[in-house]
Amino acid sequence: MTEEVALCFSVSRNQAFLLVETSCALVARLPNTLAALEKGDIDLYKASKVTQLTREVSDEVAAQVDEWLVKRLADRDPTAIRGSVSHAVQKFDPEGYRERAAKKRALRQVSLKHDDETMSTLSGHLPAEVASSIYASLVRTARERRAKDKSRTLEQHRADVFAERLLAEDGRGKPRAHIHVYVDFLTLLGARKDPAFLAGYGPVPDWLVREIASEPDSTWSRLITNPANGQLLEAGADKYRSPASLARLIKARDRECTHPGCHRPAEFSEIGHITGWAHDGKTDHHNCHGACKIHNMLKEEPGWTAEPTGNGGMTITTPTGRTYTAAPEPLHEPRPAEEDDDPPPY
């Protein structure tokens, strides 16, 4: 259901999961919270604070929390509601809370969320005392730098210290970034101002990609495209049909997971068949595409099918019969014949 809701509403898989989860929990386990929503005392976002913190408790505990919250929802902000729910869960289920805390501390992770105007948010899901210690260390170092350098704000110093510490290998040496950027050769030279493409993020301006390319440690790979449609023909491979060069071409062409709404960079994804090998699917650039592990396996789930449309494109059919067509974006817009003599894009 989650995958189909995501496609139907054109939202991410995580957003769809939250919509389904919140709706089911309100109807099945939290009648008082649902009543507050229906009366307009809270909105759906505030209601989700209750459902998220009670998702792993028993029905009995959920009912106790729901009853305890009757007079603690109206006219309160989301953070205050979340604090009340957390208090109630610990109050009515102390042992369960302790067990869940131990499991969640084992699930620590780092995530990346892309924002607008060339910015992104890198966050770590860490035990509270660890995260607090890291933040305090960043603040302390940033304040020391700010006292000597007023050209940057305290926030900028803190962000720069954060980046420097993470990019330096083993905390030592010069920071070095490893990213995949796709840019037209003439744009790289400054003759054009077409946007480039940063894998997992999307379009980035020409000035930024030239800054990245000018770094001494940057490495380049040649990509040859068809000027008529912008689709990739070759990705720096000696033999186009060999498995290694085919994988290289597909990752360069697709740049991201090709499932609608998923933007996981192709270098972190898998190369999968659209029509499965067991169903006589060919191992070529028309029937193979980049897909994250979840969406590569989704095609094998009951009711889900995928048919290739050529050059990595596919038509997805969901269990309810809805269809969605997805295809890799071209690396550039179609070009007039007089531009055919331009150097190949890199």
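Which residues is Thr258 in contact with, leaving aside its neighbours within four places in sequence? In this predicted model, the contacts are His289, Gly290, Met314 and Ala326.

Start with where Thr258 sits. It lies in a loop. Helix α12 (243-254) comes before that loop, and strand β8 (270-273) follows it. Is Thr258 buried or exposed? Its relative accessibility is 10%. Buried means under 20%, so Thr258 counts as buried.

One of the contacts of Thr258 is His289. Here the two side chains make a polar contact, at 2.6 Å.

Two other contact residues of Thr258, Met314 and Ala326, lead to the strands. Met314 falls within β11, which spans residues 313-317. Ala326 falls within β12, residues 323-326.

Take β11 and follow its pairing on each side. With β10 (residues 305-310), β11 pairs in the antiparallel sense over five bridges. Glu307 stands opposite Thr315 of β11. The two strands form a hairpin, with two residues between them. Asn311 is in that turn, and its phi is positive, about 55 degrees.

Now turn to β12. It pairs with β11, again in the antiparallel sense. This pairing runs over four bridges. Ile316 has Tyr324 in β12 as its bridge partner. β11 and β12 also form a hairpin, with five residues between the strands. Which residue of this hairpin takes a positive phi near 95 degrees? That residue is Gly321.

Return to Thr258. From its loop between α12 and β8, Thr258 is in contact with Met314 and Ala326, among others.

Technical notes: Residues numbered from 1 in each chain as written. Predicted model: local features only at pLDDT ≥ 70, side-chain atom pairs only at ≥ 80, totals over all residues. Heavy atoms only, no water. Buried < 20%, exposed > 50% of the residue type's maximum accessible area, 1.4 Å probe, protein only. Polar contact = N/O pair within 3.5 Å; in protein donor to acceptor, adjacent residues only side chain to side chain. Contact = heavy atoms within 4.5 Å. Pairing = 2+ DSSP bridges.
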